[in-house]
Structures are given as structure tokens and as C-alpha cells.
Amino acid sequence: MIELGNYNTLEIVRDTSVGLFLASDTGVEILLPNKYVPSEYEIGDKLNVFCYLDHEERPVATSLKPFVKRNCFGFLKVAEVNKIGAFMDWGLEKHLLVPFREQRDKMKEGQWYVVHCYMDEQSFRLVASNKLDKFLNNEELTVKEGEEVAILVTRLTDLGWEVIINDKHKGLVFRNDIFKRMAVGNSMKGYIKNIRPDHKIDVVLQPIGSKVLEPTAQKIYKTLKQQGGFLPLHDKSDPKEITKILEMSKKTFKKGIGSLYKARKIEIKDDGIYAID
């Protein structure tokens, strides 16, 4: 079986004038056109390739790396809009269609949007949707509190930034937990702070609890050394100044310098902290 919209490891079975024919374990074949054929190969070798439909709706393999794959979310730019819908540049020769019915608002050429790539059950074509919520499920959660996760930023609300967690769940980073610049389309690490009884998920951008001490201490010490061994920050500093310099809360900063002080890495004075060599 060959899964369209995803990477497949396939065996080279035939060399032809138009390219290599690759086969799955079940014997299903697909063409890898000449322009994607590696410079050196032998019949029987296995290649990891991305498979999708070309301009004539024929299954084809490529060595190109798409910006999003099937059943995942990505941040893509609209290359063209016509009477069918919006066509996104996803790094392949054939653009990815977002039909008008799958656009939350009418998409505009040149603009960037978070979309979900999936196989349309009626046309059996790979398409994308900007109506993100219907592809997210918080009923059956696969994460737990304190866990490190991958997040994709989708929308700014009055409460904070909405994010997609591990391509599966919807979460929120509250405004008072944000200590670095965020924008739609940002991909970054997050940490599950709280899972509510209604399965809403609170996310933060720094490790939780005792896990925060070591990475935070390392970040403070690294910045300290980069600044010549001195930072004009201490436990009475303005929280905004701490956030500006270190992108962390004052509470987190105090835990970090406490850890460094105990390890005899820093000296704390009235005007700031000093590195101890």
C-alpha cells in the first residue's frame, strides 16, 4: 500500500525512460520522475519519497519535501485564487487546493494561513481546510499535565493565543503566561500547564514546576556570560525588564537565580547579578 500525502519507503523495481518505478511491499507501483531520481542507485534499493497526485491526478513520487503532509497542520502562502478556490504553495510542483467551502474567510493571494491537509472522501484528492476546529479533538486527549508538546500558533483572542497541540488538540496560552513574541504560524515547544474538567487545555512556553529550574538557570547563565558576566537584574527588578531581557516571568527568573546561587555560579548584589568564574 502507498499512502498519498505522506512519506513512503519504497523499493526500486524498474528503470524506464521516464523515471524509476517504485513498489510497496504489496506490489503497488508509483513513478519517481527522472528529475527526482538520485545520481546513484541500484534496482532493489529503497527510497523514502513523498507521494501525491500530479497535475493530471496521477499518483507520483517526489524527493521534494512538502511544508505539510496529510492529516497535519501547516502555515502556507496562497499562490493563486481562482473560481475553484485558493491554491497554497506547499513546496511541491502542484499547489494544494483549499475549496471555498473550506475557507473560514475568503482567502487572498499572497496571504499566509494555517490549514489542515487531508484526503477528501468524495474526490479522493488531497485538499486543505482553513476551518481548523473540525480537525481538532479534545474529547480523547493524548497529553498529560507537565508534558512537553509541539504547538502551532493559530489565532489571537482576548484571553491569549490559541494553539494546535501535536496536530491533534486545541489549547490556549494565556496572555499572562506569554513572555516572548508570538505570531500566527509560529511553531514552537510548549508545556501542558492544566487540563480542565471540560478538556480545555492551558499551555505555557516554559517547563512546569521543578523542570523549569535547570533550563531556566542555564538560559540566565548563558545570557549573563554573553553580557560580560553582569546583568542589571535582581529580585526587585521590574517584571517587564526581566521579560524584555530574558523572555521569562519574574517568578521563573527568581527560581533560576536561586538555583544558580546555590550552585555558586552567581553573586547577587544590589545592582544586579554577577557571574562567578
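Colleague: Where does Asn71 lie, in terms of the strands around it?

Modeller: Asn71 sits in the loop that runs between strand S5 (59–62) and strand S6 (72–81). Please keep in mind that this is a predicted model.

Colleague: What makes the phi angle of Asn71 worth a mention?

Modeller: Its sign and its residue type together: phi of Asn71 is near 65°, and that is a positive value in a residue other than glycine. Asp167 can be described in a similar way, with phi near 60°, again positive in a residue other than glycine. Asp167 belongs to the loop between S12 and strand S13 (169–174).

Colleague: Why is Asn71 called partly exposed?

Modeller: Partly exposed is the class between the limits of 20% and 50% relative accessible area. Asn71 has 43% relative accessibility, so it counts as partly exposed. Asp167 has 32%, and therefore it is called partly exposed too.

Colleague: Let us turn to the aromatic residues. Why is the pair of Tyr7 and Phe50 called edge-to-face?

Modeller: Two numbers decide that. Ring centres have to lie within 6.5 Å for a pair, and planes over 60 degrees apart count as edge-to-face. The ring centres of Tyr7 and Phe50 are 5.4 Å apart and their planes meet at 70°, so the pair is edge-to-face. By this rule the structure has seven aromatic pairs.

Colleague: How do you know that this pair links distant parts of the chain?

Modeller: Look at where the two residues are found. Tyr7 is in strand S1 (residues 6–16) and Phe50 is in strand S4 (residues 46–53), with their positions 43 residues apart in the count, that is, 43 residues apart. Tyr7 and Phe50 also belong to one aromatic cluster together with Tyr52 and Trp90.

Colleague: Which of the words buried, partly exposed or exposed fits Phe50, and which fits Tyr7?

Modeller: Buried means under 20% relative accessible area. Phe50 is at 0%, so it counts as buried. Tyr7 has a relative accessible area of 28%, which puts it in the partly exposed class.

Colleague: What is the distance in space between Val13 and Gly44?

Modeller: From C-alpha to C-alpha, Val13 and Gly44 are 6.1 Å apart, while in sequence they are 31 residues apart. Val13 has its place in strand S1, and with a relative accessible area of 30% it is partly exposed.

Colleague: Now the sheets. What is the order of the strands in the barrel?

Modeller: Five strands close into the barrel in the order S11-S12-S13-S15-S14, and their pairing is mixed. On average, neighbouring strands of this sheet are turned by 55° against each other, direction ignored.

Colleague: How do you know that S11 and S14 pair?

Modeller: At least two bridges are needed for two strands to pair. Strand S11 (residues 148–156) and strand S14 (residues 187–195) have five bridges, in the antiparallel sense. Among the facing residues, Leu152 stands opposite Ser187, and Ile151 has Met188 as its bridge partner.

Colleague: What joins S11 to S12?

Modeller: Five bridges join S11 to strand S12 (residues 160–165), and the two run antiparallel. Leu156 has Trp161 in S12 as its bridge partner. S11 and S12 form a hairpin, with three residues between them.

Colleague: What makes S16 and S17 edge strands?

Modeller: Each of them pairs on one side only. They belong to an open sheet of three strands in the order S16-S18-S17, with antiparallel pairing. Strand S16 (230–231) and strand S17 (266–269) are its edges. S16 pairs with strand S18 (residues 272–275) over two bridges, and Phe230 stands opposite Tyr274 in S18.

Colleague: One last topic, the cavities. How many cavities of 30 Å³ or more does a search of the whole structure find?

Modeller: The search finds one. The largest cavity holds about 40 Å³ of space, and its lining is made up of Asp177, Phe179, Lys180, Leu205, Gln206 and Glu247.

Colleague: How does that lining divide into nonpolar, polar and charged residues?

Modeller: It divides into two nonpolar, one polar and three charged residues. Phe and Leu are among the types that count as nonpolar, while Asp, Glu and Lys count as charged.

Key
Residues are numbered from 1 along each chain as its sequence is written. This is a predicted model: local features need pLDDT of at least 70, side-chain atom pairs count only at pLDDT 80 or more; totals for chains, interfaces and linings use all residues. Side-chain values use heavy atoms; hydrogens and water are left out. On a 1 Å grid over the protein atoms alone, a cavity is a set of points where a 1.4 Å probe fits but cannot get out, and a pocket is an open set with protein on both sides within 12 Å along at least five of seven lines; lining residues have an atom within 4 Å of a point. Grid points are joined across faces, edges and corners, and a volume is the space filled by probe spheres set on the points. Helices (H or I, at least four residues) and strands (E, at least two) are DSSP runs, numbered from the N terminus. Axes are lines fitted to C-alpha atoms, for helices over the stretch in contact, and angles run from 0 to 180 degrees between N-to-C directions. Rings of Phe, Tyr and Trp (its six-membered ring) pair if their centres lie within 6.5 Å; planes under 30 degrees apart count as stacked, over 60 as edge-to-face and the rest as tilted. Buried means under 20% relative accessible area, exposed over 50%, partly exposed in between (1.4 Å probe, protein chains only).
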